[in-house]
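Biologist: I would like to learn how to read a protein model step by step. Could we begin with what it means for a residue to be hidden inside, and then go on to the way helices pack?

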Amino acid sequence: MLTDQITADLKQAMLAKDAVRLGTLRMLKSAIEYHKIASKQEQLTDADIVAVIKKQIKQRQDSIEGFEKGGRADLAEKEKAELAILKSYLPAELSPAQIEEIVQATITELGATSKADMGKVMKAVQAKLAGRADNKLVSQIVSANLA
């Protein structure tokens, strides 16, 4: 399970005295525990944990953008290091070509023809991709194919 991997990596970061990794993993464990309490679940599935990790990644990306606009390169670098650590826990992302194939197959499957069908196509594609692609990129590809 992903939680076991995160816990093991946390212990390893403690032993290695890797402050950035240790801090990032502690924040991640805290976010996972918070999600567990908020969703009133005893155990989270790996899919739930991936969703928490994606949320943490989105927060880091927003922070990096803000720090770069504010001229705080030092803080942006710290966030980028945390971002790299978080991304290492996600399943490997698909290439744009692979996403394109899945999108086209889904559009054919659903018989979608116009932008009005975008929501239906996005829902089906996201279910097939299961967190292995950036939703912004998926949205752009679906939009281009439904033009």
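Modeller: A residue counts as buried when its relative accessible area is under 20%. The model shown here is a predicted one, and by that cut-off 31% of the 147 residues of the protein are buried.

Biologist: What is the accessible surface of the protein, and what share of it belongs to carbon and sulfur atoms?

Modeller: The accessible surface amounts to about 9,000 Å², and carbon and sulfur atoms hold 56% of that area. As for overall extent, the C-alpha trace spans about 55 × 45 × 25 Å along the principal axes.

Biologist: How many helices and how many strands does the protein have?

Modeller: There are 7 helices and 0 strands, so that the pattern read along the sequence is α-α-α-α-α-α-α. Turning to contacts with a separation of 6 or more, 58% of them join residues that lie 24 or more positions apart.

Biologist: Which values should I look for when two helices pack together?

Modeller: Two packed helices are described by the angle between their axes and by the distance between those axes. In this model, helix α1 (residues 2-16) packs with α2 at an angle of about 150°, and the two axes are 9 Å apart. Angles over 145 degrees count as roughly antiparallel, and α1 is therefore roughly antiparallel to α2. The crossing of this pair is left-handed.

Biologist: Which residues of α1 and α2 meet?

Modeller: On the α1 side they are Ile6, Thr7, Asp9, Leu10, Ala13 and Met14, while α2 contributes Arg21, Leu22, Leu25, Arg26, Leu28, Lys29 and Ile32. Sorted by class, this contact has 8 nonpolar, 1 polar and 4 charged residues.

Biologist: At what angle do the axes of α2 and α3 cross?

Modeller: Helix α2 (residues 19-38) and helix α3 (residues 46-69) have axes that come within 10 Å and cross at roughly 125°. That angle falls in none of the parallel, antiparallel or perpendicular ranges, and the rest count as oblique, which means that α2 and α3 are oblique to each other. Here α2 passes α3 in a right-handed crossing.

Biologist: Which residues make the contact of α2 and α3?

Modeller: From α2 come Met27, Leu28, Ala31, Ile32 and His35, and from α3 come Asp48, Ile49, Val52, Ile53, Gln56 and Arg60. By class, the contact has 7 nonpolar, 2 polar and 2 charged residues. If you compare the lists, Leu28 and Ile32 of α2 appear in the contact with α1 and also in the contact with α3.

How values were computed
Residues are numbered from 1 along each chain as its sequence is written. This is a predicted model: local features need pLDDT of at least 70, side-chain atom pairs count only at pLDDT 80 or more; totals for chains, interfaces and linings use all residues. Side-chain values use heavy atoms; hydrogens and water are left out. Axes are lines fitted to C-alpha atoms, for helices over the stretch in contact, and angles run from 0 to 180 degrees between N-to-C directions. Helices (H or I, at least four residues) and strands (E, at least two) are DSSP runs, numbered from the N terminus. Angles under 35 degrees count as roughly parallel, over 145 as roughly antiparallel, 65 to 115 as roughly perpendicular and the rest as oblique. A crossing is left-handed if the near helix is turned anticlockwise from the far one by less than a right angle, and right-handed if clockwise. Contact means heavy atoms within 4.5 Å. Ala, Val, Leu, Ile, Met, Phe, Trp, Tyr, Cys and Pro count as nonpolar, Asp, Glu, Lys and Arg as charged, and the others, Gly among them, as polar. Buried means under 20% relative accessible area, exposed over 50%, partly exposed in between (1.4 Å probe, protein chains only). Accessible areas come from the Shrake-Rupley method with a 1.4 Å probe; for residues, only the protein chains shown count as cover.
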